[in-house]
Amino acid sequence: QVQLVESGGGLVRAGGSLRLSCAASGRTFSSYWMGWFRQAPGKEREFVAGISWSGGRKYYQDSVKGRFTISRDNAKNTVYLQMNSLKPEDTAVYYCNVVDTDWAPRFGSWGQGTQVTVSS
């Protein structure tokens with residue numbers, strides 16, 4: 001099973017930007033579809049964005065379309081989430097995971113995630 005470590009979160013004002021990174025271990029990273037998820041206090045974890053193994057397919061939750069961009073660098077075993085025009089409702093702990101082609105998370109275990117806090 002691939003090990004995933006998220007980073008890049010922080011405190012930002014509404015309208016600001018952050019870039020999250022998810023570093024993966026293992027030689028098979030380039031064959032995995034990857035996704036970003038988030039969980040706000042008192043809410044269920046939800047899908048945010050996903051990317052195919054080649055980067056040729058991307059999918060976003062409606063609330064982040066046009067503001068967030070997912071990308072990956074297979075040479076660095078890393079997937080990124082560029083978040084622009086952040087809103088207070090984007091505040092959550094963000095996680096990455098391997099996903100299936102329907103964007104559902106494949107692994108039941110999650111990393112520590114990275115906290116994103118957007119102030120109004």
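This is a short walk through one predicted model, covering its strands, its salt bridges and a few single residues.

Two notes before the residues. The model is predicted, so local features need pLDDT of at least 70 and side-chain atom pairs count only at pLDDT 80 or more, while totals for chains, interfaces and linings use all residues. Numbering starts from 1 along each chain as its sequence is written, and side-chain values use heavy atoms, with hydrogens and water left out.

Let me start with the strands. Strands here are DSSP runs of E with at least two residues, and helices are runs of H or I with at least four, numbered from the N terminus. Two strands pair if DSSP finds at least two bridges between them. As general background, strands of a sheet pair through backbone hydrogen bonds, either parallel or antiparallel.

One open sheet has four strands in the order β1-β3-β8-β7, with antiparallel pairing. Its edge strands are β1 and β7, the latter covering 68-73, and each pairs on one side only. Neighbouring strands of this sheet are turned by 15° against each other on average, direction ignored. For that angle, axes are lines fitted to C-alpha atoms, for helices over the stretch in contact, and angles run from 0 to 180 degrees between N-to-C directions. At one end of the order, β7 pairs with β8, residues 78-83, over six bridges in the antiparallel sense. One bridge there joins F68 to M83 in β8.

Next is β9, residues 92-99. How many of its eight residues are buried? Eight of the eight are. Buried means under 20% relative accessible area, exposed means over 50%, and partly exposed is in between, using a 1.4 Å probe and protein chains only. β9 pairs with β4, residues 33-39, in the antiparallel sense over seven bridges, and W36 stands opposite C96 in β9. β9 also pairs with β10, residues 114-119, again antiparallel, over three bridges. There, Y94 has T114 of β10 as its bridge partner.

Now to charge. Lys and Arg count as positive, Asp and Glu as negative, and His and the chain ends are not counted. A salt bridge is a side-chain nitrogen of Lys or Arg within 4 Å of a carboxyl oxygen of Asp or Glu. The whole structure has five of them.

R38 and D90 form one, with their closest N and O atoms 2.9 Å apart. R38 is in strand β4 and D90 is in the loop between β8 and β9, so this pair ties together parts that are 52 residues apart in sequence. Both R38 and D90 are buried.

D90 also forms a salt bridge with R67, at 2.7 Å between the closest N and O atoms. That pair links distant parts of the chain, with R67 in the loop between β6 (58-60) and β7, and D90 in the loop between β8 and β9, 23 residues away. R67 is buried too, as is D90. Through shared partners, salt bridges join R38, E46, R67 and D90 into one network.

For another setting, take K65 and D62, whose side chains meet in a salt bridge at 3.0 Å, N to O. K65 has 46% relative accessibility and counts as partly exposed, and D62 is exposed at 61%.

What does E6, a buried residue, have no share in? E6 has no salt bridge, and the nearest side chain of opposite charge, R45, is 7.5 Å away. E6 lies in strand β1, residues 4-7. A polar atom of the E6 side chain lies 3.0 Å from the backbone nitrogen of C96, and one lies 3.1 Å from the backbone nitrogen of G113. Leaving aside neighbours within four places in sequence, the residues in contact with E6 (heavy atoms within 4.5 Å) include W36, Y94 and T114.

N97 sits in strand β9 and is buried, with a relative accessible area of 0%. A polar atom of its side chain lies 3.0 Å from the backbone oxygen of F107. Not counting residues up to four places away in sequence, N97 touches ten listed residues, among them L4, W33 and W110.

Last, two backbone angles. S85 is not a glycine, yet its phi is positive, about 50°. S85 is in the loop between β8 and β9 and is partly exposed at 39%. W103 also has a positive phi, near 75°. W103 is in the loop between β9 and β10 and is buried, with a relative accessible area of 10%.

Definitions and conventions. A polar contact is a pair of N or O atoms within 3.5 Å; within protein, one must be able to donate a hydrogen and the other to accept it, and residues adjacent in sequence count only if both atoms are side-chain atoms.
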